[in-house]
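Subject: A structure for you to look at

Hi there,

Here is the structure I promised to pass on. Have a look at it first, and then read my notes below.

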Amino acid sequence: MNTISFKKFVPGIAWFFIIMVLTCLPGSDIPKIGWLNKIYFDKWVHVGMFGILVFLFSFPFFKSHLLVSKKVNYFLWIFLIASFWGLAIEFIQKYFVIGRSFDLLDWAADSAGAFVSFLYCRTRIYKKSSTIKI
């Protein structure tokens, strides 16, 4: 049977809600540290948050007995949904969070992190499948 237990998705679901809470904090609750702005630290945080999100949702598929092509298809859908979620968060911040605004570069960082994680998972699954001896 090729079903994946819901329990295996709990870390991804928990991380999803952590991202939701962090990105919906009012602007006044976010510390401003000057030198971190010079290295675009907030963008790196976005890359990391969404990279982890895609990895946590992809991992249960990685460990499953599904065909490699199906796994990669799931990885792609997870990446696309995570990227869309990053865009949705920007609109949520613009219209519903005090002191926050829409930032296209934040969405680009979200998508970049999600894409890097997608590439990592896809590369690992192909590498793993090529080492399997029949």
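In which helix is the place of Gln 93? Gln 93 sits in helix H4, and I will come back to that residue shortly.

First, some ground rules. This is a predicted model, where local features need pLDDT of at least 70 and side-chain atom pairs count only at pLDDT 80 or more, while totals for chains, interfaces and linings use all residues. Residues are numbered from 1 along each chain as its sequence is written, and side-chain values use heavy atoms, with hydrogens and water left out.

The overall picture

The protein chain has 5 helices and 0 strands, in the order α-α-α-α-α from the N terminus. Helices (H or I, at least four residues) and strands (E, at least two) are DSSP runs, numbered from the N terminus. Of the 134 residues in the chain, 33% are buried. Here buried means under 20% relative accessible area, exposed means over 50%, and partly exposed lies in between, with a 1.4 Å probe and protein chains only. Contact means heavy atoms within 4.5 Å. Among contacts between residues at least 6 apart in sequence, 79% join residues at least 24 apart.

Helices H3 and H4

Helix H3 covers residues 41-62 and H4 covers residues 68-96. The expected span of a helix is 1.5 Å times one less than its number of residues. For the 22 residues of H3 that gives 32 Å, and the end C-alpha atoms are 30 Å apart, which agrees. For the 29 residues of H4 it gives 42 Å, and the end C-alpha atoms are 41 Å apart, which agrees too.

The buried residues of H3 include Met 49, Phe 50, Leu 53 and Phe 57. In H4 they include Phe 75, Ile 78, Ala 82 and Trp 85. A handy thing to remember is that an α-helix has 3.6 residues a turn, so residues three or four places apart point the same way.

Now back to Gln 93: it is buried, with a relative accessible area of 1%. Leaving out residues up to four places away in sequence, Gln 93 touches Thr 23, Arg 100 and Ser 101.

Gly 86 is also in H4, and it counts as buried because its relative accessibility is 0%. With residues up to four places away again left out, Gly 86 touches Phe 50, Trp 107 and Asp 110. The C-alpha atoms of Gly 86 and Trp 107 are 5.5 Å apart, although 21 residues separate them along the chain.

A loop and a buried aspartate

Lys 63 lies in the loop between H3 and H4. Lys 63 is exposed, at 52% relative accessible area. By contrast, Asp 106, in helix H5 (residues 104-130), counts as buried at 7%. Asp 106 touches Asp 42, Lys 43, His 46 and Glu 90, not counting residues up to four places away in sequence.

What lines the second largest pocket? Phe 16, Leu 53, Phe 57, Trp 77, Ile 78, Ile 81, Ala 82 and Trp 85 do. A pocket is an open set of points on a 1 Å grid over the protein atoms alone, where a 1.4 Å probe fits, with protein on both sides within 12 Å along at least five of seven lines; lining residues have an atom within 4 Å of a point. H4 gives the largest share of this lining, 5 residues.

Enjoy exploring!
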